[in-house]
Amino acid sequence: MSKENVTREENYSQWYNDIVIKADLAETSAVRGCMVIKPYGYAIWEKIQRQLDDMFKETGHVNAYFPLFIPKSFLSKEAAHIEGFAKECAVVTHYRLKTDESGKGVIVDPEAKLEEELIIRPTSETIIWNTYKGWIQSYRDLPLLVNQWANVVRWEMRTRLFLRTAEFLWQEGHTAHATSEEAIEETLKMLNVYSEFAEEYMAMPVIKGVKTANERFAGAVDTYCIEALMQDGKALQAGTSHFLGQNFAKAFDVKFTGKDGKLDYVWATSWGVSTRLMGALIMMHSDDKGLVLPPKLAPFQVVIVPIYRGDEELNLVSEFSLKIQKELKRKGISVKFDNRDTYKPGYKFAEHEYRGVPVRIAVGPRDVANSTVEVARRDTLEKEVLQVIDLPEKISHLLEQIQKNLYDRALERREQNTNQADSWEEFCELLDNKGGFIYAHWDGTSETEEKIKELTKATIRCIPLNNKKESGLCVYSGKPSAERVLFARAY
RNA sequence: CGGGAUGUGGCUCAGCCUGGUAGAGUACUCGUCUGGGGGGCGAGGGGUCGCGGGUUCAAAUCCCGCCAUCCCGACCA
């Protein structure tokens, strides 16, 4: 671990990459575009998973698992869907290798060509709807509320750790309903689960909205999303929830008999968040000293670093520290006692700071004598000396404060980087000099949206839900508009 | 797939132009002094110089070919 950190100011993307690598979250792998998620990074993902999974269960969903492979013919059953994903699919064509005749290595056995090629899922709508056809006959089978935790592959040209990798981990919910209304309600319900998770657990303020036709999921009627603003002024889509209408039901012929005896196609939704959330989490709170984690998602919330010289002091300090650890654990706080004898305290301070541990407690012989400890918080880097007797209460409170402070800070940053543009000049100037979210009028056409993207690289992130109606003129075309939409350059 | 760059101990890189015993920092191992913010000193281990071919008495260095990776574009949760 090097001592000099690149700052956000100097080089934002290197700053990000450095944190991922040096905080030991993930690394690039021998496979192009794919990453190895390291234990510390995976521990954060597990916390994300655990919490979301609980929230899914609470809203009536159950988990299942569908195959990694999708028959090629399935993918093409829904026209828009194949259109959207065709360009980034990995394809399995053979099922066997054999020893190369020239001696070394193995080659693909040309004899072992698959009759029908298999696609490695870029998403699972097709295999799932093919399966649902067998599960659904009557309104009594509905709603069907299933989620799966899985990996998917999208053959991206350029990848970045967590933000865009060829293979990534995610969850995908796939639900079937008897009515359009119910499916839309489900779509929005899950959008709300995502935004609640983002704000409450990741301490990441998000804007809920609906995507324009251009940005819609391939095969959806409507795509809803949560959008967050990163520290470099770029937007990041953190989660999506799709109302699929009857598109997939029609493509896979999934019908049900209603109470009235009539046959109809079912209504569908799908929704997902991925390991991209890790990228969002890293960029949202971290500073030039490294990762900053919200207490609710930190693998451990508190680290205790003992300071000692010789075995005698070690025993003294350890006993004291273990007592503290026990008390804190009783309060439901996760605490790591870093008693590695192979590293010095200063090294440990720096390491835990870089890895974003929310609270550090240093315990030395002086503390044992005075019944105190030194407490340092990661978000503000403030240190204070506290009486041991108060510790469980104070640390518990401190963790809440940190969680809240991170959210407040992020929200304030977003507000400061959110502007309105009323003219094309203003729009371009804001993008180039300030970045961030820009509320501007748009004439509602795809042509204008594409033109703006071509000229400025900014896209419409979403049309915010509950957007206030306000008539105005499109920032690009000058045509009438009924509301402002949210623009930004995005990841 | 276009444009640019780079491949040398685990990592970051120097050496290449001008061919002649493969180096530094860091990391690692051992010893020792240390320990309240990334320690000091001493010793030690570790590299077919991306791969293949060519030129030469001699190639990390010159020539040809290939491969890989990174950055910038087109595509994207």
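**View 1. The protein surface around RNA strand B.** In this predicted model, 36 residues surround RNA strand B. If you want to find your bearings, start with the closest ones, which are Arg 158, Arg 164, Arg 276, Lys 344 and Asp 367. Sorted by class, the surface near the strand comes out as 18 charged, 11 nonpolar and 7 polar residues. On the RNA side, 33% of the atoms within 4 Å of the protein belong to sugar or phosphate, and the rest belong to bases.

**View 2. Polar atoms facing the RNA, one part of the nucleotide at a time.** Begin with the phosphate: one of its oxygens in RNA strand B sits 3.4 Å from an N or O atom in the side chain of Arg 32. For the bases, look at Lys 344, where a polar side-chain atom lies 2.3 Å from a base nitrogen of RNA strand B. Lys 344 is also one of the closest residues to the strand. Then there's Gly 346, which brings in its backbone: a polar backbone atom there is 3.5 Å from a sugar or linking oxygen of RNA strand B.

**View 3. Which elements line the RNA?** Helix H10 (345-354), strand S19 (359-363) and helix H11 (365-370) are the elements that give two or more residues to the surface near RNA strand B. H10 gives the most, with 6 residues.

**View 4. Phe 162 in the largest nonpolar core.** The largest nonpolar core is built from 71 residues, and Phe 162, Met 204, Met 230 and Phe 427 are the ones with the most contacts inside it. Zoom in on Phe 162 and, leaving aside residues up to four places away in sequence, you'll see it touching Tyr 16, Val 20, Leu 25, Ala 26, Met 35 and Ile 37, as well as Thr 275, Arg 276, Met 278, Gly 279 and Ile 282. Arg 276 has turned up before, as one of the closest residues to RNA strand B. Apart from this core lies another, of 27 residues, with Phe 66, Phe 85, Leu 142 and Leu 144 among them.

**View 5. Cysteines without a disulfide partner.** The disulfide count for this structure is 0. Take Cys 89: its nearest cysteine sulfur belongs to Cys 34 and is 15 Å away. Cys 89 counts as buried because its relative accessibility is 17%. Cys 225 is in no disulfide either, and here the nearest cysteine sulfur, that of Cys 462, is 4.5 Å away. Since a disulfide needs the two sulfur atoms within 2.5 Å, that pair doesn't make the cut. Cys 225 has a relative accessibility of 0%, so it counts as buried.

**View 6. Pro 71 in strand S4.** Strand S4 covers residues 69-71, and Pro 71 is found there. Pro 71 is buried, at 17% relative accessible area. Past the residues up to four places away in sequence, Pro 71 touches Glu 116, Glu 117 and Leu 118. For a sense of scale, the C-alpha atom of Pro 71 is 62 Å from that of Asn 315, a residue 244 places along the chain.

**View 7. Ser 124 and its partner Glu 172.** Ser 124 is found in the loop between strand S8 (113-120) and helix H5 (125-135). With a relative accessible area of 0%, Ser 124 is buried. Its side chain makes a polar contact with the side chain of Glu 172, at 2.6 Å. Glu 172 is also on the list of residues that Ser 124 touches, together with Ile 70, Gln 148 and His 174, again not counting residues up to four places away in sequence.

Notes
Residues are numbered from 1 along each chain as its sequence is written. Chains are lettered from A and ligands numbered from 1 in the order in which they are written. This is a predicted model: local features need pLDDT of at least 70, side-chain atom pairs count only at pLDDT 80 or more; totals for chains, interfaces and linings use all residues. Side-chain values use heavy atoms; hydrogens and water are left out. A nonpolar core is a set of buried Ala, Val, Leu, Ile, Met, Phe, Trp, Tyr and Cys residues joined through side-chain atoms within 4.5 Å. Buried means under 20% relative accessible area, exposed over 50%, partly exposed in between (1.4 Å probe, protein chains only). Contact means heavy atoms within 4.5 Å. A residue is near a molecule or strand if one of its heavy atoms lies within 4 Å of it. A polar contact is a pair of N or O atoms within 3.5 Å; within protein, one must be able to donate a hydrogen and the other to accept it, and residues adjacent in sequence count only if both atoms are side-chain atoms. Helices (H or I, at least four residues) and strands (E, at least two) are DSSP runs, numbered from the N terminus. Ala, Val, Leu, Ile, Met, Phe, Trp, Tyr, Cys and Pro count as nonpolar, Asp, Glu, Lys and Arg as charged, and the others, Gly among them, as polar.
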